[in-house]
Amino acid sequence: MDHKDLTKKEPRAESTRNVPQVTPLVDIYENDDAILVHAEMPGVTKDDISVNIDNGSLTLTGVRSVVRGGASEWEEFGDVEFQRAFSVPQTIVVDKVSAEFKNGVLALHLPKSEAAKPKQIAIKAG
Amino acid sequence: MFTRVSDLDRMFDAMGLLRSRFDNLFSEFDQTAGYEPRWSGRGNYPRTNLYEKGDQFELVAEVPGLSKDDLDVKIQGNYLEISGKRQVTAPAGYRSHRVERGSATFTRSLTLPAEVDSDKVSATLKDGILVLTMPKSEAAKPRQISIK
C-alpha cells in the first residue's frame, strides 16, 4: 500500500457551518407610495448586513459575532446568522430602495413605481 | 471491501459529521426556539450573557430597537434588574401587514455570582446590544496570596 494514502485528506462530502441560522423578527408596513420592512438584528454591525433584491426576491442577511472575554458564567445567545427572504412585487423601484440600521433594527424603504400608485379618476360632467 | 486507507478515513469522516450534528441538536433547538416571539411572560427577555473577567463582570443583553431612554438598570449588591419599555407603532400613514415585534414592557432580575460596586458600573448601548461593565466589590475581588 502506498504510504501517501495515510496522510492524504480527501475533501469532505459536505461541510457544515457551526453558526446557526435564525429568522429575524420583522414588521411590514405599506401605504400607497412604499413598503417598509423593519427587521430585528441585535448585535450585527452595519458592515455585516447584506440586502439583496434579485428577480422579485428580497433577501436580508446579517452575521453576528458575539464579543466574548473572560470566563462565561452563562450564555443565552451566541453567534448567529440572521437570514430571511421575501418576495416583493415587480412594482418596487429597485434603484430607489434605501436601508437604515439603527439600534439593532434594519429599516428598509421600498418605494413603488409611479405606475403602481392608485389614481383618482376625475369624472367629467356630461 | 476497503482497499485503501482513505476509504476508511472517509467513512469515519462521515460518522464524525453525523456525530457533530447530534452534538449540535440540543443547542440548535434551543437557539431557534429562542427566536420565537418571547414576550409572553417567560421571564427570559432580554436574553443575556454574563462573563467574568478577573475583577469585573460583563453582562451583555440583546435589546433590539430600544434607545437608552427606554432602558432602566438597577443594581444593588449582587442583584441586577433590567427593565424597559418598547413601543413599536406603525409609521404615520402606513398600514401594518405583519407585526412580529410588538410593543412590550419587560423586567428581568438577575443574581450575579458576587457583589459589585454599583457606583463604578458603566453601561453602553450599541447596535441593539447593552453592555454592562461591573467591577466587583472589594470583598469579592480576587486576592494575591503571598507565600511565606
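Two strands are said to pair if DSSP finds at least two bridges between them, and in this predicted model one such bridge sets Leu125(B) opposite its partner Leu130(B), which belongs to strand 8 of chain B. The briefing below begins with chain A, moves on to the place where chain A and chain B touch, and ends with chain B. Chain A holds one helix and nine strands, while 38 residues of chain A are in contact with 43 residues of chain B.

**Chain A as a whole**

- Followed along the sequence, the elements of chain A come in the pattern α-β-β-β-β-β-β-β-β-β.
- Chain A has 126 residues, and buried residues make up 23% of them.
- Among the contacts in chain A with a separation of 6 or more, 54% are accounted for by residues that lie 24 or more positions apart.

**Strand pairing inside chain A**

- Strand 9 of chain A, which covers residues 105–111, runs antiparallel to strand 3 of chain A and is joined to strand 3 by seven bridges; within strand 9, Leu108(A) is the residue that Val37(A) stands opposite.
- Strand 9 of chain A also pairs in the antiparallel sense with strand 8 of chain A, residues 98–102, over five bridges, and here Phe101(A) stands opposite Leu106(A).
- Strands 8 and 9 of chain A form a hairpin with two residues between the strands, and in this hairpin Asn103(A) takes a positive phi near 50 degrees.

**Where chain A meets chain B**

- On the side of chain A that touches chain B, the elements giving two or more residues are helix 1 (4–7), strand 2 (26–30), strand 3 (34–40) and strand 6 (71–75) of chain A.
- Sorted by class, that side of chain A has 16 nonpolar, ten polar and twelve charged residues.
- Strand 6 of chain A pairs across the chains with strand 1 of chain B, residues 48–53, in the antiparallel sense and over four bridges, and in this pairing Ala71(A) stands opposite Glu52(B).

**An open sheet in chain B**

- Three strands of chain B, in the order 3-4-6, form an open sheet whose pairing is antiparallel.
- Strand 3 (71–76) and strand 6 of chain B are the edges of this sheet, and because each has a single partner strand, one side of each is left without a neighbour in the sheet.
- From one strand of this sheet to the next, the twist averages 10 degrees.
- Strand 4 of chain B, residues 79–86, pairs with strand 6 of chain B over eight bridges in the antiparallel sense, with Leu80(B) standing opposite Leu110(B) of strand 6.

**A loop residue in chain B**

- Glu100(B) lies in the loop that runs between strand 5 (95–99) and strand 6 (104–111) of chain B.
- Glu100(B) counts as partly exposed because it has 16 C-beta neighbours inside 10 Å, a number that falls between the limits of 12 or fewer for an exposed residue and 20 or more for a buried one.
- From C-alpha to C-alpha, Glu100(B) and Val88(B) are 10.0 Å apart in space, and in sequence they are twelve residues apart.

**The hairpin of strands 7 and 8 in chain B**

- Strand 7 of chain B, residues 122–126, is hardly covered, since the count of buried residues among its five residues is zero.
- Strand 7 of chain B is joined by five bridges to strand 8 of chain B, residues 129–135, and the two run antiparallel.
- Two residues lie between the strands of this hairpin, in which Asp127(B) takes a positive phi near 50 degrees.

Methods. Residues are numbered from 1 along each chain as its sequence is written. Chains are lettered from A and ligands numbered from 1 in the order in which they are written. This is a predicted model: local features need pLDDT of at least 70, side-chain atom pairs count only at pLDDT 80 or more; totals for chains, interfaces and linings use all residues. Two residues are in contact if their C-beta atoms, placed from the backbone, lie within 7 Å. Ala, Val, Leu, Ile, Met, Phe, Trp, Tyr, Cys and Pro count as nonpolar, Asp, Glu, Lys and Arg as charged, and the others, Gly among them, as polar. Axes are lines fitted to C-alpha atoms, for helices over the stretch in contact, and angles run from 0 to 180 degrees between N-to-C directions.
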